[in-house]
Amino acid sequence: MAPLPLPVPAITSPHPSKPHEAPTPTSRPAASLHAALASLSQNCHAHGGGGDGLRDAFALVARAERQSSPAAVVGPEVYASLLQCCVASGSLRAGRQVHAAAVKRGPYYCRNVYIGTKLAVFYARCGAVADAERAFGALPHKNAFAWAAIIGLWSRAGLHARALSGFVDMLEAGVPADNFVVPPVLKACAGLGLARPGRAVHGYAWKAGVAECVYVMSSLVDFYGKCGEVEDAKGVFDAMPERTVVSWNSMLMAYIHNGRIDEAVDLFYEMRAEGVLPTRVSVVGFLSASVDLEAVDGGRQGHAMAISSGLEMDVILGTSMINFYCKVGLLEAAEAVFEQMAERDIVTWNLMIAGYLEDEQIDKAFATCQRMLLEANLKFDCVTLASVIMACVKACSMLVGTAAHGYAVRNNLESDKTVACGLIELYATSGRIEHARRVFDAICRKDLVVWKVMISAYADCGMSSEALKLLNQMQIEGISPTAACWDSAISAFLRNVQFDQALDIFNQMLLTKTRPNLRTWSLLISALSQNGMHQEVTNLCCKMQEVEPAPSPTIHSAALLAVQTAVLVHYGKALHASIVKKGLLLSKSVIQSLLNMYSSFDDRGTVDSLLRSYAEYSK
């Protein structure tokens, strides 16, 4: 709401009479004033803080102040009613004016419990944490309304520990919590990930007789869902005597947050079958589930439901639809939603740009970046810039890439890890490895991803010695390389046909806590077998049996492929025996690899035996 030139109520007497001392005839004007303010408060709430309701309320009180006996009409209760209008309109400035006027009127007004409680509620509703805490702290007697307001404020502001502590203080003060207090306390427990205290609050709600309130039950569904207790959330949901759309949304998000996407989709359809109109939250959640399932028809139905329900295509809903259509590869549909949106934020633009890049539409990605700068007057953030750099890598456009680097430097974005990694890859793919190294050296705090990207850059350029130096430097600085870092260094030596050095690095890796992964074994076995180093392949497979307590079927399949390529019949049979011993003969990928290997050895008898064995196992 825009600031209003509100008339502050005049002060006509430093010692106004108290309401109970007022003459009897004035009770009717006071009641009339209260009724008028209550009506104006409803008007403010109905218009979302808009309209002239708040201005009219102030004018009404100002006129009453100018009457001959203002104290008889304008007592503390009137100021409290005026504050309620400020609460309904959400005008912080107007409420502060009322607060200041009450202070000027003296202790009888500013220390009035009713006004003090309204002030605490008002500041809490406006999100003014410091002001609300001061007003709350000044209350000589804190009732349930004041506690509910301050605990709700702390919960909304993300001050979950303070909200939970406030709940304990409230109970210790002998003030029972009601159905307005329990939901924000449950939200605080969920925010802190405290399942046991949340269950205790659930138990308190039962004892207090508010556990069957629809708002409390919806909060319980939300709490259990966020704490990973989906079955408990479902139990509360199923037990609800009545459900609001908030209840349905809470259960829907519980399924989605815990990866139970199929059940989320089923619940959405059940919600529709019950005749509950979806809200923006429902559709956004359903679209998210459709993305995870790659359910194109489901996502389209969600879009259609949003239209049929009359939901406005605002930033949140439109962005969710664009994300869905981009993820399932329907760029034209994403474009249509994008163009329909009256307002777009930077996330919307970034999603559209990323969608074009994923679909290899590099020109459109660049064009959308230009539109973002010119039409929306938005600056690139690190996500946008990383997308621009990736487009330059794919388009081999060093001119735009260097311009993007300059933009990053001018706007202090070059230290962002994603941007920096993109620049390293850009310069490495164009053969400017020294520029990539300068970008790497300029990063103050390097994480594992940055180290891996730089080592990979050296590997891709065939600079095996530099990749090894960087790997050693990483360990000197106390950072343990991941398997991906070791793989990059090993691949660099293999690419340069430096097999002995590659095996030396592999042996160094075995001395660390990092275990080889599937790619490590596959890289070495494939490269050595393709270059006729059959004995080395045999030794490596033996080492795999020693190092890997339970090699996965995929690793065995890779080893079998290497043996097949190298035509190592004897070791192929040894691997077959190891597979049987480890109980991996049920794996389809292993069976297929064995069949391919024995077929290449022209061992028809073993092939037939394997087929019969697999048929027996499959029964």
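This briefing covers the fold, the cores, the cysteines and the aromatic contacts of the structure above. The model is predicted. The protein chain has 619 residues, and 47% of them count as buried. Its secondary structure comes to 36 helices and zero strands.

**Overall build**

- The chain is helical in its secondary structure, with 36 helices, and strands number zero.
- Contacts reach far along the sequence: of those between residues at least 6 apart, 62% join residues at least 24 apart.
- The protein chain exposes about 29800 Å². Carbon and sulfur atoms supply 54% of that area.

**Nonpolar cores**

- The largest nonpolar core has 102 residues. Within this core, Leu 385 and Met 454 have the most contacts.
- Leaving aside residues up to four places away in sequence, Met 454 touches Ile 424, Ile 433, Ala 436, Arg 437, Phe 440 and Leu 470.
- A second core is separate and holds 83 residues. Among them are Leu 82, Ala 132, Val 181 and Ile 256.

**Cysteines**

- The structure holds zero disulfides.
- Cys 126 is in no disulfide. The nearest cysteine sulfur belongs to Cys 86 and is 8.1 Å away. A disulfide needs the two sulfur atoms within 2.5 Å, and the 8.1 Å separation does not meet that.
- Cys 126 has 26% relative accessibility, so this residue counts as partly exposed.
- Cys 213 has a relative accessible area of 17%, so this residue is buried. The cut-off for buried is under 20%.

**His 202**

- His 202 sits in helix 12, which spans residues 195–208.
- The relative accessibility of His 202 is 15%, so this residue counts as buried.
- Beyond residues up to four places away in sequence, His 202 touches Leu 220, Tyr 224 and Val 236.

**Aromatic pairs**

- The structure holds 14 aromatic pairs. Such a pair is described by the distance of the ring centres and the angle of the planes.
- Phe 506 and Trp 521 have ring centres 5.3 Å apart and planes at 70°, so they form an edge-to-face pair. The angle cut-off for edge-to-face is over 60 degrees.
- This pair links distant parts of the chain, with its partners 15 residues apart. Phe 506 lies in helix 30 (residues 499–510), and Trp 521 lies in helix 31 (residues 518–530).
- Both Phe 506 and Trp 521 are buried.
- Tyr 598 and Phe 601 have ring centres 6.3 Å apart. Their planes stand at 90°, so this pair is edge-to-face.
- Tyr 598 is buried because its relative accessible area is 3%. Phe 601 is buried as well, because its relative accessible area is 16%.
- Phe 268, Tyr 269 and Phe 286 are linked into a cluster by ring pairs.

**Charges over rings**

- Arg 243 lies over the face of Phe 237, 4.1 Å from the ring centre.
- Arg 344 places its charged end over the ring of Phe 338, 4.2 Å from the centre of that ring.

Definitions and conventions:
Residues numbered from 1 in each chain as written. Predicted model: local features only at pLDDT ≥ 70, side-chain atom pairs only at ≥ 80, totals over all residues. Heavy atoms only, no water. Core = buried A, V, L, I, M, F, W, Y, C linked by side-chain atoms within 4.5 Å. Buried < 20%, exposed > 50% of the residue type's maximum accessible area, 1.4 Å probe, protein only. Contact = heavy atoms within 4.5 Å. Helix = DSSP H or I, 4+ residues; strand = E, 2+ residues; numbered from the N terminus. Areas by Shrake-Rupley, 256 points an atom, 1.4 Å probe, with all protein chains shown as cover. Phe/Tyr/Trp six-rings, centres within 6.5 Å; stacked < 30°, edge-to-face > 60°. Lys NZ or Arg CZ within 6 Å of the ring centre and 35° of its normal.
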